[in-house]
Amino acid sequence: MRWHLKRLHFLLQRLSGSVAQRGLRGTASRITQEFRQRPLVDSAWQLEPLDAQFAPLALPCTGRPRVSVIVPVHGKLPYTLACLRSIARYGARAPFEVIVVDDASPDDSAATLAQVDGLRLLRNERNLGFIGSCNAGAAAARGDFLLFLNNDTQVMPGWLDRLLDCFAEEAGCGLAGSRLAYPDGRLQEAGGIVYADGSAWNYGRFEDRNDPLFLYRRDVDYVSGASLMIDAGLFRQVGGFDTRYAPAYCEDMDLAFAVRAAGRRVIYQPASLVVHCEGVSSGLDPFAGVKQYQAINRTKFAEKWRGALQQQPTPRTPVTQAIHHNGRRHILIVDALAPDPARDSGSLRLINIMRLLRELGWHVTFMADNRRADAHEIALLGTLGVRVLCKPWTPPLATWLKREGSSLDAVMLCRHYVAHPHLELVRRLAPRARILFDTVDLHFLRERRAGEHAGNAALLRQAEASKRRELALIRSCDTSFVVSPAECSLLAAEVPDARIELLSNVHEVFGRRADFASRSGLVFVGGFGHPPNIDAVHWLVEEIYPLIRAQRADIPLHLIGDIPEAQRAALARPGVHVHGRVPELAPWMDGCRVALAPLRFGAGVKGKINMAMSYGLPVVATTLAVEGMQLDHGHDVLLADDSRRFADAVLRLHHNEALWLQLSEASLDNVRRHFSFEAARAALLRVLPPGATATSN
């Protein structure tokens, strides 16, 4: 009877806490999930069977491991073998070793595991518990990083390498943890929340593991010891897992707090997916066995970290607030489509802006105007630490803003046709937010030039209508970004009272990686989703390239970008290679001798020019193509505005190594000075200074 009463009290506490943190709707959904029939194992996974007869297996073995994987075991041999088979199956790019610490298992685990080739097997003479076994494994480890892994887990592709990425890509990362899922496919944990009383919450528990809400990197209070990686030197510096929590429980929370106390970060990495059969090692009954130490050790944890816990959210704080209690400011970015850097230069610019915002301490949320994002786009932004709002998981923008608009310190609306319908809504539902308008390029200027080039009166009238809308938006927003000094000057005359900031293209400087002699051929980069590119490609193929080929038939022309099949046939010529969209531009940036930008109308800064120059690849362009890019003919670019002069400039540059080297060096310098991360960071800091909230800007 006493047990049943304690159990009832425990369940009532959980129910009350769930209502406070999830809300009534979330709690009702959770209860429904509990009673819904589900398959025991998600069919999308090919998990290793637990009932398979033992057969010899081999694990990767290296004398100089980068990572030491430490698996503590106490019996449960079938789970341990399944775990090891999954490691053998998927491996990792980084060299690693696997250490199994047998904690005086009551079964024949040690004898069987001794037959696994490549495995380092340690045997405790007496039972040390989970914490003692982990520390023993760490003491014997040879890797620069330690990856603690429960024996009731099975790893998925990328399990180890993606954790290692955090230490290379996240400044100050000291500890990283995986996304954990149940065998039936439901999410088990996406990082943990710790409240001011020392209680904890597994974020995302029982939710859809593919919901983008759980698919972006972020700083968390702690990560589960079922799969966590830590810098080996840091682990020793903080004293390993604290033995006051022996035999188990709260040691992972304690380690995370110790890592932060040492000035390092704790990162949740969703790209590392591990299936965890929760409860196999320690049971599920909170009042018996090892599990009973949860409550006992929570008291110890609260006593040890009393000071640090004062900075944590109060108990029963809703999860949506508690997950971002670290004081980071919150910005929402809305663009027409989810960015894809392989599609267009605007996507690359936006991705690099988001990367900079996160480095500057912002929590970044992104929504495409059509609310669509595929798995690749979600994963790409998730790697940058950007939360994606999209169908079917996220409601329309208005509904989302009603729920979370008060949390926003800034909103950036990209392109006038996206900003125009949303501006009033954002003003009303995100009252604290500074509103930024990213023009991307001045739409009306591009339309006007297209109309003038084609002699199209209807397009010229459309350009005037676009101008009125764009200028009205610029007047209404707190700050507007443009990409070139020429557009800054134009708007200074048109809307002198508006705040205009230059935030141009943002490029990494890759540098010249191949010499003049090893290169050949010409390259044009640009998809047919952008009308100026269509005109440029046809002019290039039909008029300019024939003049080049008449003198040098051995010089090939490579066309890169989204070009429809019907158009490809029309562009077919001897020497012309239509590649379409490619996964990586580097082979052409490193292998071709000249990049081309024969644009006859358009606006803004041309990413195709920036990209080529970031690789030290010299460019031949029209005068309009380099507008606002601070480029000078003969110094860092060659310019020509008719077919004959353009072809002559290409041939001259293709043959003259001294000129080619001069332009290559000057091109790299231009990107460093005007289109680098440093230049963009300075622009963002002028608009969004450190520590300032929306109400103080």
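Modeller: A disulfide is a pair of cysteine sulfur atoms within 2.5 Å. This is a predicted model, and a search of the whole structure finds 0 disulfides.

Colleague: What makes Cys-250 a cysteine in no disulfide?

Modeller: The nearest cysteine sulfur is that of Cys-134, 15 Å away. A disulfide needs the two sulfurs within 2.5 Å. Cys-250 is therefore in no disulfide.

Colleague: Why is the sulfur of Cys-414 too far from Cys-477 for a bond?

Modeller: The sulfur of Cys-477 is the closest cysteine sulfur to that of Cys-414, and the distance is 11 Å. The cut-off is 2.5 Å, so this pair fails.

Colleague: Are these cysteines buried or exposed, Cys-250 and Cys-414?

Modeller: Buried means under 20% relative accessible area. Cys-250 has 8%, so Cys-250 counts as buried. Cys-414 has 1%, so Cys-414 counts as buried too.

Colleague: Turn to the rings. How many aromatic pairs does the structure hold?

Modeller: The structure holds 12 aromatic pairs. One of them joins Phe-148 and Phe-241.

Colleague: Why is the pair of Phe-148 and Phe-241 called edge-to-face?

Modeller: Their ring centres are 5.0 Å apart, and pairing needs centres within 6.5 Å. The planes stand at 65 degrees. Over 60 counts as edge-to-face, so the name fits.

Colleague: What parts does the pair of Phe-148 and Phe-241 tie together?

Modeller: Phe-148 lies in strand β4, residues 145-149. Phe-241 lies in the loop between α6 (232-237) and α7 (251-261). The pair therefore ties together parts that are 93 residues apart in sequence. Both Phe-148 and Phe-241 are buried. With Phe-235, they form one aromatic cluster.

Colleague: What makes the pair of Phe-510 and Tyr-615 stacked?

Modeller: The angle between the planes is 15 degrees, with 4.3 Å centre to centre. Planes under 30 degrees apart count as stacked. Phe-510 lies in the loop between β19 (500-502) and β20 (522-525), and Tyr-615 in the loop between α21 (607-614) and β24 (619-621), so the pair ties together parts that are 105 residues apart in sequence.

Colleague: Why does Phe-510 count as partly exposed?

Modeller: Phe-510 has 32% relative accessibility. Partly exposed runs between 20% and 50%, so Phe-510 falls in that class. Tyr-615 has 3%, so Tyr-615 counts as buried.

Colleague: How do you know that the charged end of Arg-186 sits over the ring of Tyr-182?

Modeller: The distance to the ring centre is 5.5 Å. The limit is 6 Å, with a further condition of 35 degrees from the ring normal. Arg-218 lies over the face of Tyr-216, at 5.6 Å from the ring centre.

Definitions and conventions. Residues numbered from 1 in each chain as written. Predicted model: local features only at pLDDT ≥ 70, side-chain atom pairs only at ≥ 80, totals over all residues. Heavy atoms only, no water. Buried < 20%, exposed > 50% of the residue type's maximum accessible area, 1.4 Å probe, protein only. Phe/Tyr/Trp six-rings, centres within 6.5 Å; stacked < 30°, edge-to-face > 60°. Helix = DSSP H or I, 4+ residues; strand = E, 2+ residues; numbered from the N terminus.
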